[in-house]
Amino acid sequence: MTTSNRLSVVTPADWIPGPAQDEWTYEVYEAYVAIPVLGHRYEVVDGVLYMPPAPTWDRQSIVGEIYTCLRTLLRTLYRIQDWERCAWHLLTQS
């Protein structure tokens, strides 16, 4: 499969009622909140409303592996068993 045959990573959500593309801003947040979810995610990037694709199984598998590696690293290096304390400690360090 060549790159030209692949689907786009994100799709501009032109069919969604609301402001015109390039006009989705914080000021029209009510229009964003009014979008029916229907199992989809929406993101606004530079004023354009997009509908990104759902995560693939490959992506989810990779994220799981990264999580496992980080958890193992923290347990090994810092002997961390209490994840709430760990998160608080990491967030409060500057």
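## Surface and fold of a predicted chain

Ile-66 is partly exposed, with a relative accessible area of 48%, where partly exposed lies between buried (under 20% relative accessible area) and exposed (over 50%), computed with a 1.4 Å probe and protein chains only. This is a predicted model, in which local features need pLDDT of at least 70 and side-chain atom pairs count only at pLDDT 80 or more, while totals for chains, interfaces and linings use all residues. Residues are numbered from 1 along each chain as its sequence is written, and side-chain values use heavy atoms, with hydrogens and water left out.

Ile-66 is found in helix 2, residues 57–78; helices (H or I, at least four residues) and strands (E, at least two) are DSSP runs numbered from the N terminus. Together with Ile-62, Leu-70, Leu-73, Leu-77 and Tyr-78, Ile-66 forms a nonpolar surface patch with about 630 Å² of accessible area. Such patches are made of residues with over 30% relative accessible area and no salt bridge, nonpolar side chains (Val, Leu, Ile, Met, Phe, Trp, Tyr) being joined within 5 Å and like charges within 9 Å. A salt bridge here is a side-chain nitrogen of Lys or Arg within 4 Å of a carboxyl oxygen of Asp or Glu.

The chain has three helices and three strands, which run β-α-β-β-α-α from the N terminus on. Buried residues make up 15% of its 94 residues, and the accessible surface of the chain comes to about 8,300 Å², of which 60% belongs to carbon and sulfur atoms; areas come from the Shrake-Rupley method with a 1.4 Å probe, and for residues only the protein chains shown count as cover. Among contacts (heavy atoms within 4.5 Å) between residues at least 6 apart in sequence, 40% join residues at least 24 apart.

Two residues other than glycine have a positive phi, and their loops and accessibilities are as follows.

| Residue | Phi | Loop | Relative accessible area |
|---|---|---|---|
| Asp-22 | near 75 degrees | between strand 1 (11–12) and helix 1 (29–33) | 58%, exposed |
| Asp-46 | about 50 degrees | between strand 2 (43–45) and strand 3 (48–51) | 74%, exposed |

As for confidence, the mean pLDDT of the chain (the predictor's confidence in each residue, from 0 to 100) is 78, and 79% of the residues reach 70 or more. Among the elements, helix 2 has the highest mean pLDDT (87) and helix 3, residues 83–92, the lowest (68). Over residues 1–7 the pLDDT is below 50, and this stretch has one contact in the model beyond near neighbours in sequence. Where pLDDT is low, the predicted coordinates should not be read in detail.
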